[in-house]
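User: I'm new to this one and would like a close look at a single part of it, one helix and whatever sits around it. Could you walk me through that part and then show me how it fits with the rest?

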Amino acid sequence: MLELNIYQNTRENSPSLGKYYARVEYKQTLGIDDMAKHMAEHNTPFSVGTIAGILKDFVKCTREQCLNGNTVKIDDLAIFKCSVEANGLTLEENYKINCGLGGIPKNGPDGTGAPDFTKQAQYAVKSAKLLAQSTGEFTRAELNDDASFRWTKAASEKIESIVDPAPSNGGSGD
């Protein structure tokens, strides 16, 4: 069961200013050791330590493969891949690139020699990120079919106070 909390958009100049949105209230974060213990409880012949070791190796290898430009598909769960948030670039005559952080000369940082394409690529990227895209039995449609939701107690109370506010004490009664 996914429990939902509620929040109101308070960003000025937002077209959705004042609207309420649901967010999943996460209960806990399970690490590799927690998942190994959970998996060992499913009648497996492997110990918690063996499962934890395999999972740690899997994480290390998944990270390595993603950083090498590969995608890693775990059937019925997700496809993991690296992506980037890029800077907007302009190409100029005296510079190979310019992204507002300063230009890099075509012929290397000092204007002589071969182009420094590695440095140029670094300027082209704001940040790297890891993406996970659901796959197989874990598609959005499957999630929608399998998921059930309820409000957290705090969200229920907040909604109730908004849609049915208590009458104020000492009011004129009109």
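Analyst: Let's start with a term: two strands count as paired if DSSP finds at least two bridges between them. With that in hand, L4 stands opposite V24 in β2, and strand β1 (residues 2–8) is joined to β2 by five bridges, the two running antiparallel. Keep in mind that this is a predicted model.

Before zooming in, here's the overall layout. The protein chain has five helices and eight strands, and from the N terminus on they come in the order β-β-α-α-β-β-β-β-α-β-α-β-α. Of its 174 residues, 14% are buried. Looking at contacts between residues at least 6 apart in sequence, 43% join residues at least 24 apart.

Now for the close look, at helix α2. It takes in 20 residues, 48–67, and at 1.5 Å a residue these should span 28 Å; the end C-alpha atoms are 28 Å apart, so expectation and model agree.

Which residues of α2 are buried? They are I51, A52, T62 and C66. These residues cover an arc of only 100 degrees around the axis, so they sit on the same side of α2. As background, an α-helix has 3.6 residues a turn, so residues three or four places apart point the same way. Turn to the face of α2 pointing away from the buried side and you'll meet the exposed residues G49, I54, K60 and L67.

What covers the buried residues of α2? The cover includes α1 (32–40), β3 (72–74), β4 (78–86) and β7 (125–134). Just past the helix, α2 is followed by G69, whose phi is positive, near 90 degrees.

Let's follow the strands in that cover. β3 and β4 pair in the antiparallel sense over three bridges, with I74 standing opposite A78 in β4. The two strands make a hairpin with three residues between them, and D76 in the turn has a positive phi of about 60 degrees. β4 is also joined to β7, by nine bridges, and those two run antiparallel. A78 turns up again here: its bridge partner in β7 is S134.

A word on the cysteines, since C66 is among the buried residues of α2. The closest cysteine sulfur to that of C82 is the one in C66, but at 5.0 Å it's too far for a bond. A disulfide needs the two sulfur atoms within 2.5 Å, and a search of the whole structure finds zero disulfides. C82 counts as partly exposed because its relative accessibility is 35%. C61 also counts as partly exposed, at 42% relative accessibility.

Finally, back to the strands we began with. An open sheet of three strands has the order β2-β1-β8, with mixed pairing. β2 (20–24) and β8 (149–151) stand at the edges with a single partner strand each, so one side of each has no neighbour in the sheet. From one strand to the next, the twist averages 40 degrees. Helix α5 (residues 153–163) lies across β1, β2 and β8, running at about 45 degrees to β1.

Note on methods
Residues are numbered from 1 along each chain as its sequence is written. This is a predicted model: local features need pLDDT of at least 70, side-chain atom pairs count only at pLDDT 80 or more; totals for chains, interfaces and linings use all residues. Side-chain values use heavy atoms; hydrogens and water are left out. Helices (H or I, at least four residues) and strands (E, at least two) are DSSP runs, numbered from the N terminus. The expected span of a helix is 1.5 Å times one less than its number of residues. Buried means under 20% relative accessible area, exposed over 50%, partly exposed in between (1.4 Å probe, protein chains only). The arc is that of the directions from the helix axis to the C-beta atoms. Contact means heavy atoms within 4.5 Å. Axes are lines fitted to C-alpha atoms, for helices over the stretch in contact, and angles run from 0 to 180 degrees between N-to-C directions.
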